[in-house]
Amino acid sequence: MGRAIVITSGKGGVGKTTTAANLGASLAQRGHSVVLVDADIGLRNLDVVMGLENRIVYHLVDIVRGRCTAQKALIRDRRIDNLYLLPSSQSDEKESVSPDEMRDLVRALKGAYDYVLIDCPAGIEQGFRNAVAGADEAIVVATPEVSSIRDADRVVGLLAAEDIPTRLICNRISAEMVKRGDMLSQDDVIEILSLELLGAVPLDDAIVSSTNKGMPATLAGARSAAARAYENIASRVTGEIDDVAVAQGIGFFARIGRALGLSPA
Amino acid sequence: MWNEIKGLFGARRASREEAKGRLHLVLAHDRAGLDGSRLQDLRGEIAAVIARYVEIDPESVELDVERVSRDDTHLRVSSPLRAR
C-alpha cells in the first residue's frame, strides 16, 4: 500500500504545484512509483508545470463519474520511469467531486503506486476538503512572508483537527536576505508554526525557467540549488535521510557550531 | 555617514523582527477566533462586570490576546483602578 501525501498551503502562489512536480519527479528518480494528482478542479495547473498539457484526454472527474478507468486518465511521463500524472478537470466545479469520492480514488491509487502526491488547491473550502480527504500525511508549503504563514497556520489547524501528520517546506528562502535581517528565517517559520521541517528550498531563478519549459527542475540536467533542495526533501520523505541539516547539506563544522550555539540556527 | 552605519545595523534588522511581531499578534487573534468587533464586545462586557465591583474608567480596560505557543494562547485583561 502506497502513501498519500497532500501538498497544501492555504495561500495561493507559494509553490504547491512546483513542489508537487519536483518532489514527484525526485521520488520517481529514486525508483519509486509516483502518481501526481491535480486536485484543483476547475483551475488545473500541474499539467502545464509538468509539461504534459498536450497529452490530456481524460481527467479526475471522468474517473469519479465512471466515464473512464483510472488507467485511461493517467498520463505516463516519458522522461522518467514510474511517474504519472492524473490531471484535473478544467471545466467542472469543485463540488463535482465529494471528499468520499476522493478518498476512494486515492485509496485505489495507493494500491498501485508507492506515492500518491495530491496537489491541493488554494483556500480552505471544498477543494481543500477534497484534497485532504484521502491523505495519510500532509506537507504544508509556506514562504517566509506574513500572509503565507498566517494562511499556513490556519491550514495546520485544520489538518490537526483531521489528525493528519503534517510537515513543513519553507519555500523561496533567500539566505542573503535572512542574513540582512530582511526576511524571516526558516527557523522563524518553524517556531511560529510549530511544525517539523521537511526542508527549505532556496529562492532560485532556475524554477522560473524550468516552469516556463514545463520541465521540473529535478528532471533538468543541470543541478540547480532548488533542485538539490527538492532531492533532499525526497530523501527525507522516503526516510533515507532523517536529519534536516544533513539533507540541506549544512556542513559538519557548521552543525557543531550550531550545537554549541556559536552560529545561528 | 551615520545613517549608512545605522542602516547597516539598526534599521536593517527591523523588517524581519517586525514580521515576527506582526505574525504573533495576527495568529493569536486568528487562533482565538477573536476579530475586531467580537473583541470590542468582549472588552465592553468585561469592563461592565469589573465596574460593578470596583471603580474604573471603562475606556481604559485593555484586552490582549497573546500566543505563547501553538497550543497556548492567553487573553490578558488589564484595567487600571481609579484612585480613591
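Start by selecting chain A and colouring by burial: of its 265 residues, 55% count as buried (under 20% relative accessible area, with over 50% being exposed and anything in between partly exposed, using a 1.4 Å probe and protein chains only). Keep in mind that this is a predicted model, where local features need pLDDT of at least 70, side-chain atom pairs count only at pLDDT 80 or more, and totals for chains, interfaces and linings use all residues. Residues are numbered from 1 along each chain as its sequence is written, chains are lettered from A and ligands numbered from 1 in the order in which they are written, and side-chain values use heavy atoms, leaving out hydrogens and water.

Now switch chain A to cartoon. You'll find 13 helices and eight strands (DSSP runs numbered from the N terminus: H or I of at least four residues for helices, E of at least two for strands).

Next, bring in chain B and pick out where the two chains touch. Chain B puts 15 residues into the contact and chain A puts in 19, with contact meaning heavy atoms within 4.5 Å.

How many salt bridges are there between chain B and chain A? The count is four, each a side-chain nitrogen of Lys or Arg within 4 Å of a carboxyl oxygen of Asp or Glu. To see one of them, zoom in on D30(B) and R150(A), whose side chains meet at 2.6 Å, N to O.

Then select helix α1 of chain B, residues 2-32: this helix supplies 13 residues, the largest share of the side that touches chain A. Colour that side of chain B by class and you get four nonpolar, two polar and nine charged residues (Ala, Val, Leu, Ile, Met, Phe, Trp, Tyr, Cys and Pro are nonpolar; Asp, Glu, Lys and Arg are charged; the others, Gly among them, are polar).
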